[in-house]
Amino acid sequence: MELTQNNIWGKVYSLSLVKSFLIWAFTLTVCLLVIGFPLVVLMAGAGAVAAIALQPVMSASAVLLVASGLIGLNILAVLTGAAALTLKGVHPQEVSWLSWLHGKDPLHSSVYAACPLTCEVKF
């Protein structure tokens, strides 16, 4: 009986770690795509310059090498960040700016210009 209960807690803990890792990976990917758009533009520019510089050395595979390197570095950065946050014990439910992720109501509601005339808003 003791062995069965310890095994269940180990499975629950490992599933919790996997869930936390996947949520962090999703969140960091979304943040990289949405918030980090200027960084993506800079990486694309640097990648284009690197591909042009490598073109005389490697005729056909310069673009493939640079593109796969940039994509691989982005995936590695996201997965490393997700693993670090998971192993540190930071759960996505504890982070205040992730309320959009776990379905909490927003702290502020929108008030439109015509709302004092047409809405019943209680201040």
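In which helix is the place of Val-34? Val-34 sits in helix H1, which covers residues 2-34. Keep that helix in mind as you go through the views below, and please remember that this is a predicted model.

**View 1. The whole chain is built from four helices and zero strands.** Reading along the sequence, you will meet the pattern α-α-α-α. The protein chain has 123 residues, and 14% of them count as buried.

**View 2. Leu-33, Val-34 and Ile-35 make a nonpolar patch on the surface.** The patch has an area of about 350 Å². Val-34, one of its members, belongs to helix H1 (residues 2-34). Is Val-34 buried or exposed? Its relative accessibility is 60%, so Val-34 counts as exposed, given that the exposed class begins over 50%.

**View 3. The largest pocket has a volume of about 160 Å³.** Three elements each give two or more residues to its lining: H1, helix H2 (37-54) and helix H3 (62-88). Which helix provides the largest share of the lining? That is H3, with five residues.

**View 4. A closer look at the same pocket shows the residues that line it.** Here you can find Thr-29, Leu-32, Leu-33, Val-40, Met-43, Ala-44, Leu-70, Asn-74, Ile-75, Val-78 and Leu-79. Sorted by class, the lining holds nine nonpolar residues, two polar ones and no charged ones. Leu-33 may look familiar: this lining residue of the largest pocket is also part of the nonpolar surface patch with Val-34 and Ile-35.

**View 5. Thr-80 of helix H3 is shown together with Ala-25.** How far apart in space are the C-alpha atoms of Thr-80 and Ala-25? The C-alpha to C-alpha distance is 8.9 Å, although 55 residues separate the pair in sequence. With a relative accessible area of 47%, Thr-80 is partly exposed; the value falls short of the exposed class, which requires over 50%.

**View 6. Ala-84, also found in helix H3, is shown with Phe-21.** These two residues are 63 residues apart along the chain, and their C-alpha atoms are separated by 9.0 Å. Ala-84 has a relative accessible area of 45%, so this residue is partly exposed.

Notes. Residues are numbered from 1 along each chain as its sequence is written. This is a predicted model: local features need pLDDT of at least 70, side-chain atom pairs count only at pLDDT 80 or more; totals for chains, interfaces and linings use all residues. Side-chain values use heavy atoms; hydrogens and water are left out. Patches are made of residues with over 30% relative accessible area and no salt bridge: like charges are joined within 9 Å, nonpolar side chains (Val, Leu, Ile, Met, Phe, Trp, Tyr) within 5 Å. Accessible areas come from the Shrake-Rupley method with a 1.4 Å probe; for residues, only the protein chains shown count as cover. A salt bridge is a side-chain nitrogen of Lys or Arg within 4 Å of a carboxyl oxygen of Asp or Glu. Buried means under 20% relative accessible area, exposed over 50%, partly exposed in between (1.4 Å probe, protein chains only). On a 1 Å grid over the protein atoms alone, a cavity is a set of points where a 1.4 Å probe fits but cannot get out, and a pocket is an open set with protein on both sides within 12 Å along at least five of seven lines; lining residues have an atom within 4 Å of a point. Grid points are joined across faces, edges and corners, and a volume is the space filled by probe spheres set on the points. Ala, Val, Leu, Ile, Met, Phe, Trp, Tyr, Cys and Pro count as nonpolar, Asp, Glu, Lys and Arg as charged, and the others, Gly among them, as polar.
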